[in-house]
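The following exercises concern a single molecular structure and are each accompanied by a worked solution. Please attempt every task before reading the steps that follow.

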There are 2 protein chains.
Amino acid sequence: MILLRGLLGAALRRTRQRQGRTLREVSAAARVSLGYLSEVERGQKEASSELLAAICAALGVRMADVLREVSAELAVAEGPRPVLEPVGAIELASDVDMVRTPMVVSDVVAA
Amino acid sequence: MILLRGLLGAALRRTRQRQGRTLREVSAAARVSLGYLSEVERGQKEASSELLAAICAALGVRMADVLREVSAELAVAEGPRPVLEPVGAIELASDVDMVRTPMVVSDVVAA
């Protein structure tokens, strides 16, 4: 299973390292403990929304840019958009049997 | 402060509603409690990476697509890329005084 926190932590670490900054500097700027930041960077701890915002502010980057980077990596890891029905919507299969073109899941509407 | 969980929850809710599915259906498919899913959708609870993956699977959407949508919203909410130095890097100000063109923070390298 691909976990968001792993990719997110790696993106935060890359950003910090590109800036040539240490864990100590960034954790102090973000007012989080060094150990916590290190665990977040290694994907071992979920960053709360507040702490993610604080870490991004400390790094001087937009959360939007970090998430876009993570989204692009996830897209590669997850592969093409699913063409099958959502999990738990197997009962819809008979409705989509006749669909000839690849469909995206958002087109599937539960009865 | 713009919080990721609020935008993420709203994106998950929109996805579910576009599919015409109920909280009950999706929470059962994702094997999370209905109350938990509801709180996540309302931005009141952080979804762990595992549960975010399970909810996305239940909705039949890629996490990558949900995050890209959230990233685009965040970009609007956060405004243009910062041109100031990162928080906690005020000591760099003298280095950037002479920069005439807008710079992105990733160009700022701590001493």
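Contact means that heavy atoms lie within 4.5 Å. The structure is a predicted model.

**Exercise 1. The covering of α4(A)**

Determine how many of the residues of α4(A) are buried, and identify what covers them.

Solution.
Step 1. A residue counts as buried when its relative accessible area is under 20%.
Step 2. By this criterion, 8 of the 11 residues of α4(A) are buried, and the helix is mostly covered.
Step 3. These buried residues are Ser49(A), Leu52(A), Ala53(A), Ala54(A), Ile55(A), Cys56(A), Ala58(A) and Leu59(A).
Step 4. The covering includes α1, α2 (23-30), α3 and α5 (63-78) of chain A, together with α1 of chain B.
Step 5. Just after α4(A), Gly60(A) adopts a positive phi of about 70 degrees.

**Exercise 2. The setting in chain A**

State which elements chain A contains and what percentage of its residues are buried.

Solution.
Step 1. Chain A has 6 helices and 0 strands; from the N terminus on, its elements run α-α-α-α-α-α.
Step 2. Of the 111 residues in chain A, 46% are buried.
Step 3. Among the contacts in chain A with a separation of 6 or more, 55% come from residues 24 or more positions apart.

**Exercise 3. The packing of α1(A) and α4(A)**

Classify the arrangement of α1(A) and α4(A) as roughly parallel or roughly antiparallel, and list the residues that meet.

Solution.
Step 1. The two axes come within 10 Å and cross at roughly 20 degrees.
Step 2. Angles under 35 degrees count as roughly parallel; α1(A) and α4(A) are therefore roughly parallel to each other.
Step 3. The crossing of α1(A) and α4(A) is left-handed.
Step 4. From α1(A), Leu8(A), Leu12(A), Thr15(A) and Arg16(A) meet Leu52(A), Ile55(A), Cys56(A) and Leu59(A) of α4(A).
Step 5. The residues of this contact divide into 6 nonpolar, 1 polar and 1 charged.

**Exercise 4. A salt bridge of Arg5(A)**

Find the parts of the chain that are linked by the salt bridge of Arg5(A) and Glu46(A), and decide whether each residue is buried or partly exposed.

Solution.
Step 1. Side chains of opposite charge can pair when their charged atoms come close.
Step 2. The side chains of Arg5(A) and Glu46(A) form a salt bridge, at 2.5 Å from N to O.
Step 3. Arg5(A) belongs to helix α1 (residues 4-18) of chain A, whereas Glu46(A) is in the loop between α3 (34-41) and α4 (49-59) of chain A, so the pair links distant parts of the chain, 41 residues apart.
Step 4. Arg5(A) counts as buried because its relative accessibility is 16%; Glu46(A), at 30%, counts as partly exposed.
Step 5. Arg5(A), Glu46(A) and Glu50(B) are linked in a network of salt bridges.

**Exercise 5. Two salt bridges in chain B**

Establish which helices are tied together by the pair Arg14(B) and Glu73(B), and which by the pair Glu41(B) and Arg16(B).

Solution.
Step 1. Arg14(B) and Glu73(B) meet through their side chains in a salt bridge of 2.9 Å, N to O.
Step 2. Because Arg14(B) lies in helix α1 (residues 4-18) and Glu73(B) in helix α5 (residues 63-78) of chain B, the pair ties together parts 59 residues apart in sequence.
Step 3. Arg14(B) is partly exposed at 29% relative accessibility, and Glu73(B) is partly exposed at 26%.
Step 4. Glu41(B) and Arg16(B) form a salt bridge in which the closest N and O atoms are 2.7 Å apart.
Step 5. Glu41(B) lies in helix α3 (residues 34-41) and Arg16(B) in helix α1 of chain B, so this pair ties together parts 25 residues apart in sequence.
Step 6. Both Glu41(B) and Arg16(B) are buried.

Definitions and conventions:
Residues are numbered from 1 along each chain as its sequence is written. Chains are lettered from A and ligands numbered from 1 in the order in which they are written. This is a predicted model: local features need pLDDT of at least 70, side-chain atom pairs count only at pLDDT 80 or more; totals for chains, interfaces and linings use all residues. Side-chain values use heavy atoms; hydrogens and water are left out. A salt bridge is a side-chain nitrogen of Lys or Arg within 4 Å of a carboxyl oxygen of Asp or Glu. Helices (H or I, at least four residues) and strands (E, at least two) are DSSP runs, numbered from the N terminus. Buried means under 20% relative accessible area, exposed over 50%, partly exposed in between (1.4 Å probe, protein chains only). Axes are lines fitted to C-alpha atoms, for helices over the stretch in contact, and angles run from 0 to 180 degrees between N-to-C directions. Angles under 35 degrees count as roughly parallel, over 145 as roughly antiparallel, 65 to 115 as roughly perpendicular and the rest as oblique. A crossing is left-handed if the near helix is turned anticlockwise from the far one by less than a right angle, and right-handed if clockwise. Ala, Val, Leu, Ile, Met, Phe, Trp, Tyr, Cys and Pro count as nonpolar, Asp, Glu, Lys and Arg as charged, and the others, Gly among them, as polar.
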